[in-house]
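Here is a short report for a first look at one structure. Sheet pairing and backbone geometry are its topics.

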Amino acid sequence: MDPRGVLILVAVLGAEIGSVANGNLVFPVERRKRSLSAVRAHDVRRRGRILSAVDLNLGGNGLPTETGLYFTKLGLGSPPRDYYVQVDTGSDILWVNCVECSRCPRKSDLGIDLTLYDPKGSETSDVVSCDQDFCSATFDGPIPGCKSEIPCPYSITYGDGSATTGYYVQDYLTYNRINGNLRTSPQNSSIIFGCGAVQSGTLGSSSEEALDGIIGFGQANSSVLSQLAASGKVKKIFSHCLDNVRGGGIFAIGEVVEPKVSTTPLVPRMAHYNVVLKSIEVDTDILQLPSDIFDSVNGKGTVIDSGTTLAYLPDIVYDELIQKVLARQPGLKLYLVEQQFRCFLYTGNVDRGFPVVKLHFKDSLSLTVYPHDYLFQFKDGIWCIGWQRSVAQTKNGKDMTLLGDLVLSNKLVIYDLENMVIGWTDYNCSSSIKVKDEATGIVHTVVAHNISSASTLFIGRILTFFLLLTAMLNN
């Protein structure tokens, strides 16, 4: 029997700020409303980072008019202190700002208190030296001039010019372990993460998006997911279900046994979750496109990225798609909102007035995007098109297809790195899923709830992560 347990992160989105906090909740995630221009700017910065193999964050799970920056609270050190970090499905390592940081944000407009991690303030913190196996594996070999007293460095430069530099430390990550029917107790596990010493660009400024760091759910061995899997505590499988109707959601680590989900292969040796998109169907008609437009070579192709709010298509794909989408409404007059969004007046039911779009992938997996998904209401009677023209040029000059929350919301999406596949199915993200405990074979029901919290004066909605470990873990 596989001794690995199931690590479950249940993301629960509260409908509004309340006055009572649930004492069992960990990893609270805040959200802030942004203008349409801010949503677009967020995606532009993120696309720039994707081209450098590093992303920004796990973005909003609602409509573009409601979406915001999502982040989670986790405990690090002994005794544990709280840190607010962006949750990122594309980047790999966990890093937080440290006490010696020369240009780290000291305040944030998100209504949270930022904390600098102090290795000397934790009883269980150890600096990872450059001669340790983790460092050699991360750098694909020994570091020239390495001595045992030299810390293992990390340095990430993003496509938008932002950068983070520091060194690796090892310390405890604290979460809650399930020990009964939704009963939990504190548990921890030793992990290696980055201690940020120098930040530049947007990462080094005190702004509306300033946080303590980033936690990556990428594929590299340095990610928290990979470290927990290597220690035999979890499988390298995670899933999310983002509800843009009721404002709820689930984020789980572990094998989902219900609902059943069909999959498509992940493109190997890619920094992100690349898939093979074969064709696009609108109103039962397949778009007539160049045969190589979705090729996954030379850095182009199709990326699944829940950290991007909208969906971006190459020019020729975008033009063909929009023409087909609007064909049912020939008299529709388009307006430009905030200099970039194509909008129109419409008082009818959009699901009856506009066509369904289907994206067809390798191994016969399809992704259905309904009109209420790709159209969003800007104001009463004014609808805007969520499909966007891509501006993310790959090295050979062709466009990347980037599929964000616009097409991923209201679907259970499963990332199975054990078998290198990804899959999804339409789903009620305010209901529940069933996840298998690999150690015992017991199937647990994971339910999304609406919660309330008094932990912040921040006005908005709250997304909270439970970290529930269903098997006995050794610290």
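## Backbone features and one sheet

Pro 259 sits in the loop between strand 13 (255–258) and strand 14. The model is predicted. The peptide bond leading from Glu 258 into Pro 259 is cis, with omega near 10°.

A cis bond also joins Ser 78 to Pro 79, with omega near -5°. Pro 79 belongs to the loop between strand 3 (71–76) and strand 4 (81–88). Most peptide bonds are trans, and most residues other than glycine have a negative phi.

Two residues with positive phi are listed here.

| Residue | Phi | Loop |
|---|---|---|
| Arg 269 | near 60° | between strand 14 and strand 15 (274–275) |
| Ser 364 | about 65° | between strand 22 (357–361) and strand 23 (366–369) |

Neither Arg 269 nor Ser 364 is a glycine. Are these residues buried or exposed? Arg 269 has 80% relative accessibility, so it counts as exposed. Ser 364 is exposed too, because its relative accessible area is 72%, and the cut-off for exposed is over 50%.

Now the sheet. Five strands make up an open sheet, in the order 12-11-28-29-14, with antiparallel pairing. Strand 12 (249–253) and strand 14 (263–265) are the edge strands, and each pairs on one side only. On average, neighbouring strands of this sheet are turned by 15° against each other, direction ignored.

How many bridges join strand 28 to strand 29? Six bridges link strand 28 (residues 411–416) with strand 29 (residues 421–426), and the two run antiparallel. Leu 412 stands opposite Thr 425, which is in strand 29.

Notes
Residues numbered from 1 in each chain as written. Predicted model: local features only at pLDDT ≥ 70, side-chain atom pairs only at ≥ 80, totals over all residues. Heavy atoms only, no water. Pairing = 2+ DSSP bridges. Helix = DSSP H or I, 4+ residues; strand = E, 2+ residues; numbered from the N terminus. Axes fitted to C-alpha atoms, helices over the stretch in contact; angles between N-to-C directions. Buried < 20%, exposed > 50% of the residue type's maximum accessible area, 1.4 Å probe, protein only.
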